[in-house]
Each structure stands twice: as C-alpha cells, then as structure tokens.
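This report deals with charged side chains and the partners they do or do not find. The structure comes before the details.

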Amino acid sequence: MYTLRDIFLYNPDKPLQFDQYLFWLFFSVLFAGYLFVYRRDRLRILYLMCFSLFFYYKSGGYFFFLLLFSTVVDYTIGNWIYRSQTKWKKISFVVLNVTINLGILIFFKYSYFIVDNINLIFHTHFQAYNYLAGLFNAIGNPLSLNYHLDTAKILLPAGISFFTFQTISYSVDIYREKIKPAKNILDYGFFVTFFPQLVSGPIVRAIEFVPQIHRKYSLTKEEFSGAIFLIINGLMKKVLISDYISGFVDRIFASPGSFSGFENLMAVYGYSIQIYCDFSGYTDIAIGVALLLGFHLPLNFNSPYKSNSTTDFWRRWHISLSRWLRDYLYIPLGGNRKGKIRQYINLMITMLLGGLWHGASVVFIIWGGLHGIGLAVHKLWADMWKRVRGIENDSEANQTPVFRFFDKIWNIISVIITFHFVAFCWIFFRSRTLDDAKEVLNRIFNNFQSKMVGQMIQGYGNIFAVIIIGYAIHFLPLSFKNAYKNAFNRTPLVVKAVIVAGVVIFLYQFATAGRRFIYFQF
C-alpha cells in the first residue's frame, strides 16, 4: 500500500522506474488527463513537461534543478550560435556549450576517478569536494535552514550521461545548420525532459524529435497495438528474464573465486542476456509509452547477438549511442577519410571514450578498448578478405549453390565468434575491478570442474532454463517474431485487455523488489 509520502516524495532507495506499479498508476492518471489536453498544442506540451519533471524528481531527487539549469543554458547558447554572423563566434559558443555540459558531467561522474589517479601518480592526498553541496550549506546556514549536505559525497544525477549527449548534439547540429533552434524554451525543455527517454535513452536528437512537438496528435489502431505489445514485451524481458537471473549473476561476480569455472562461465552467459533484456526492455517500454502519447522514438536494439561481426554488433546494440559516437566523435576525428592507420586510431579513441562514458573505471575503459580493437580487426579482415577473393559480391561465382552454402556456414561461425567476443568483453564491463575480471577468466580456464557440471546443472536448473529461454527467444527468426506481433495486433480490444491483465498478474508472481534498470547507473 502506497502512502502519500511514497507517491509524491523522492525515495533514493526506490527511484521511480517503469517496472513499478506506482509508475503505471502515475501514467494512468497522466493518460486520463491527456485525453482532455492533447488537442490543445501548447497545453499538451506544458502538461507533459510538468509530468516529465515530476518523473525526473521521483527518479533522481532534487537534481531536477540541474536538469532545468542545463535546459536554460543550452537553449540560450543554441540561440547564440544560430544568431552569430561569424564562424569564429559560432565555434566559440559551441565550445562554451560543450565545456559546460562536459564540465558538469565530469564533476559528477569522474571526480573520484580523477582525484584517485592524481593521488596514485603523484603520491598526493587530495579529496573530491562537492562544491554544489558546499554552496547549499553556505546559503542554508545564514538562513537557519535545518540541513547539512555532505561535501565529501558526490552523487550521480539520474540520466546525466544521456541528456548531456542529447544537449550537446542540439548545439552542434545548429552549428552544422542541420536544424534551427527550438521556437521557444518550452519546446526545447520538452525535448530535453520528455520522460520516457530521459533517464536511460534512447539518445534522441532534436532533428528527430522537435518536428513532432507541434504535429497533430495521431494514434492509429496499429500504433496502439504496437505500443501495448512493446510495453508488455519490455516488462517481460525485465521481470521474467533480467531480474530472475540477476541474483545468480550478482552472486558469482561478487566473488568469482568462490565458484567453479563452469559457474563463472554461466554467469558470463547469464549477464550477456541479462543486460540485453534489461536495457532493451527499458527502451521497448520507453518507445511504447512515447507512442501512446503520439511521439516516435528511434529504434535502439535490433537483435544484437545475431551480429556476424563487431561492426554489425554496434549497428544493432545501443543504436542511438553508436550513431552519436559516429556522428559527433568518430567522423569529426577523420573517420575513414585519412587512411587505414588513422581509421583504426579513430576507432580506438571513439570506443575508449565510449567505454569511459559508461563509468569512471578501468574496467569500462578496457571494455571500450577491446571493442575498438574488435572493430579495427574486423575492418582489416574485411579488406583482406576482399583482396583474397578477388571477386565482387554480385559476381556469378557468388551465386552458385556451393558458395551460398559455405557462405551460410561462415555466417553462423561468424555469429558464434562475435557473440563470444562480446561476452568476453562483458566480463570486464560487469566486474567491479580488474582483479575480479582476471579471477573470472582464471576460474574458467584453470578451475572449470567439468566433473561437477551435471550436478551444477541440477542445482541451478531454473536459472539455466531461463537463460536458455532468453537466448532462444532472442535468436528466433524475425519473421516468426513479426508473426506473433501481428497476431497480437489483430486481436480485439477485449482480448488485448485480458492478455495484458494476465501478463500483469503473471509478472507480479516473479517481481523482484528493488531491482533497478542496469543503465540507471550511467
């Protein structure tokens, strides 16, 4: 039973997220009110923006003031860029915007990492200091306000990595003359704060979203059915798969040396499907909720473990981040326009910074570096393979049954290799420290305990079954997935209501209290 305090006040131990009944209570109230305002353009935007700010407050506390600050600053600088008549002024304002946004991100996310490494290198004893908390204390003391914030503790605002990249892309796109500034600060504020994608993406660009703001509300029967299907699909990914196996994965990675190599290997496989179901489940729900409100968000996942190369993986995994890194980092660095060696260097820089974007830790940097190496190796392999074959893909030799057969076999082998490379990289991503990652690998290769495998399968039977089911669903052919999606879309509204009610009751039996979405921490 929820109290008024639970409903209206932020709880740091239980931030508001999509898999909570409280969120769906809020959304039901929001949608009921939306039916009265959706025809009135300005009122609709204001209504949704107010709820979005409330959602962010319930998800991240008083950091919504930081979100408001960022909105005002970025909107203002965007207008300055657009109105500037000289190129150097435009560049200066872009630099100012990037500096402010990255400065805020670095302060909240990387202060401890930077200070710890300075102390390690120079044998100093600096400590991170929360200047924002110090400012609030300085204001509060003269006013006799009854609070004192810990200046030694820097908390990470929810979704800061996502909305930072979103706001940077806005200013850069204005500079590149791809877009014009939002008509007013309300439009821009709505673009930044729109709650479905605010905390964990997809990373939405102004060129994709702002034109939708004043578009007449439209929701066809097909879109309504598709939105409900996405929401149900996302909740099932999160609750039935990700949350269910999370306890097993957490236990192994918390102390890899206490478990056999087989258990560690299964934890790696488990985490690979857990993080996919968790993150893609969130974005499925976000896209579905946005669609019910009349807005289209970009696709963020496309069966990534079906990839036949690292390059293909990054076209399917966290697509909005991949596009952002490509368009605002890789291409400005020179992309593939300055020779092969420079291309490989650009790939490494891009992926190292992509790893650092996820967190201030050596293991994230290694994860990004490994993917950078994987991308470079694939580019090198693809170039060599073309030269060795000496034929074009559309030549007659490529159309023979024998060639097509071996091409299918090679594609399967490529998918298996790519998946295991990605799973290997996840070891570093999931491990708390580099030593933990080394221990996972050490147990897998040096203490597998193959004689105990049968016994361990019996002991973890339910967990392993869910892992296998998760992969089986993931690798289903697209035609099969579209078939059951279309079957759901064709059912009458009453049948849909029964299905939704049944799924909700079923999910309630599996619900695990307090399991945050993994990407909330980024």
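In this predicted model, Lys90 is buried but forms no salt bridge. The nearest side chain of opposite charge belongs to Glu177, and it is 5.2 Å away. A salt bridge requires a side-chain nitrogen of Lys or Arg within 4 Å of a carboxyl oxygen of Asp or Glu, so a separation of 5.2 Å does not qualify. Lys90 is part of helix H5, which spans residues 87–122. Leaving aside residues up to four places away in sequence, Lys90 is in contact with Ile81, Tyr82, Ser84 and Tyr175.

**Salt bridges**

Elsewhere, charged side chains do pair: the count of salt bridges comes to 12. Three of them are listed here, each with its N to O distance.

| Positive residue | Negative residue | N to O distance |
|---|---|---|
| Arg42 | Asp187 | 3.0 Å |
| Lys238 | Asp278 | 2.8 Å |
| Arg316 | Asp312 | 3.3 Å |

The side chains of Arg42 and Asp187 meet in a salt bridge of 3.0 Å. This pair joins distant parts of the chain, with Arg42 in helix H3 (residues 41–60) and Asp187 in helix H8 (residues 185–193), 145 residues apart. How accessible is Arg42? Its relative accessibility is 38%, so Arg42 counts as partly exposed. Asp187, in contrast, has a relative accessibility of 2% and therefore counts as buried.

Between Asp278 and Lys238 the salt bridge has an N to O distance of 2.8 Å. Asp278 belongs to helix H12 (residues 261–292) and Lys238 to helix H11 (residues 221–254), so their pairing ties together parts that are 40 residues apart in sequence. Asp278 is buried, with a relative accessible area of 2%. Lys238 is buried as well, and its relative accessible area is 0%.

The salt bridge of Arg316 with Asp312, at 3.3 Å, lies within one helix: both residues are in helix H13 (residues 310–316). They are four residues apart, about one turn of the helix. Both Arg316 and Asp312 are buried.

**A network**

Salt bridges can also share residues here: Arg205, Arg326 and Asp327 are linked in a network.

Buried charged residues therefore appear both with and without a salt bridge in this model: Lys238 is buried and is bridged to Asp278, whereas Lys90 is buried and has no salt bridge.

Technical notes
Residues numbered from 1 in each chain as written. Predicted model: local features only at pLDDT ≥ 70, side-chain atom pairs only at ≥ 80, totals over all residues. Heavy atoms only, no water. Helix = DSSP H or I, 4+ residues; strand = E, 2+ residues; numbered from the N terminus. Buried < 20%, exposed > 50% of the residue type's maximum accessible area, 1.4 Å probe, protein only. Lys, Arg positive; Asp, Glu negative; His and termini not counted. Contact = heavy atoms within 4.5 Å.
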